[in-house]
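Trainee: Got a minute to go through a model with me? I'd like to talk it over before I head back to the bench.
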Amino acid sequence: MVSGDTSFTAPFKLVAERDDFIHALVAYFDVSFTKCHKFTGFSTGQAFFSLPYSVMFFSSSSTKFCFTTNSEIQ
């Protein structure tokens, strides 16, 4: 395996539910092995707390993004 084997992109969209500032993004992932005879998988989502979230703070405390209700980030 080389580093290029794990490179990928995925489209996403965030929609603001209220007027507020964004200081960081929180990410989680789900893994499912669906071809096994018994379901096997795990999640770092909020329903499962065994693994930590990834929190990505913006580089400076002065870097804030203000969003209004229903505005989108793509």
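Trainee: Where in the chain is confidence lowest, and where is it highest?
Mentor: The lowest mean is 75, in strand 5 (residues 40–43), and the highest is 86, in strand 1 (residues 14–15). Those are pLDDT values, the predictor's confidence in each residue on a scale from 0 to 100. This is a predicted model, where local features need pLDDT of at least 70 and side-chain atom pairs count only at pLDDT 80 or more, while totals for chains, interfaces and linings use all residues. Residues are numbered from 1 along each chain as its sequence is written, and side-chain values use heavy atoms, with hydrogens and water left out.

Trainee: And what does the chain average?
Mentor: A pLDDT of 77, with 80% of the residues scoring at least 70. Where pLDDT is low, the predicted coordinates should not be read in detail.

Trainee: How many helices and strands does the chain have?
Mentor: There are 0 helices and 8 strands. Both are DSSP runs numbered from the N terminus: H or I over at least four residues for a helix, E over at least two for a strand.

Trainee: Switching to charges, how many salt bridges are there?
Mentor: The count is 2, taking a salt bridge as a side-chain nitrogen of Lys or Arg within 4 Å of a carboxyl oxygen of Asp or Glu. In one, Lys 13 pairs with Glu 72 at 3.9 Å, N to O. Lys 13 sits in the segment before strand 1 and Glu 72 in strand 8 (residues 72–73), so this pair ties together parts that are 59 residues apart in sequence.

Trainee: Are Lys 13 and Glu 72 buried or exposed?
Mentor: In between. Lys 13 is partly exposed at 48% relative accessible area, and Glu 72 is partly exposed at 44%. The cut-offs are under 20% for buried and over 50% for exposed, with partly exposed in between (1.4 Å probe, protein chains only).

Trainee: Which side chains meet in the other bridge?
Mentor: Arg 18 and Asp 20, at 3.0 Å from N to O. Arg 18 counts as exposed at 56%, whereas Asp 20 is partly exposed at 31%.

Trainee: What about greasy surface? Which residues make the nonpolar patch?
Mentor: Phe 12, Leu 14, Leu 25 and Met 56 make a nonpolar surface patch of about 360 Å². Patch residues have over 30% relative accessible area and no salt bridge; nonpolar side chains (Val, Leu, Ile, Met, Phe, Trp, Tyr) are joined within 5 Å, and like charges within 9 Å. The areas come from the Shrake-Rupley method with a 1.4 Å probe, and for residues only the protein chains shown count as cover.

Trainee: Where is Leu 25, and what does it touch?
Mentor: Leu 25 is in strand 3 (residues 24–27) and is partly exposed at 34%. Leaving out residues up to four places away in sequence, Leu 25 touches Leu 14, Ser 54, Val 55, Met 56 and Phe 58; contact means heavy atoms within 4.5 Å. The C-alpha atoms of Leu 25 and Phe 57 are 6.4 Å apart, although 32 residues separate them along the chain.

Trainee: How much of the chain is buried?
Mentor: Buried residues make up 8% of its 74 residues.

Trainee: Last one: what is the phi of Asn 70?
Mentor: Near 70°, a positive value in a residue other than glycine. Asn 70 lies in the loop between strand 7 (65–67) and strand 8, and Asn 70 is exposed at 57%.
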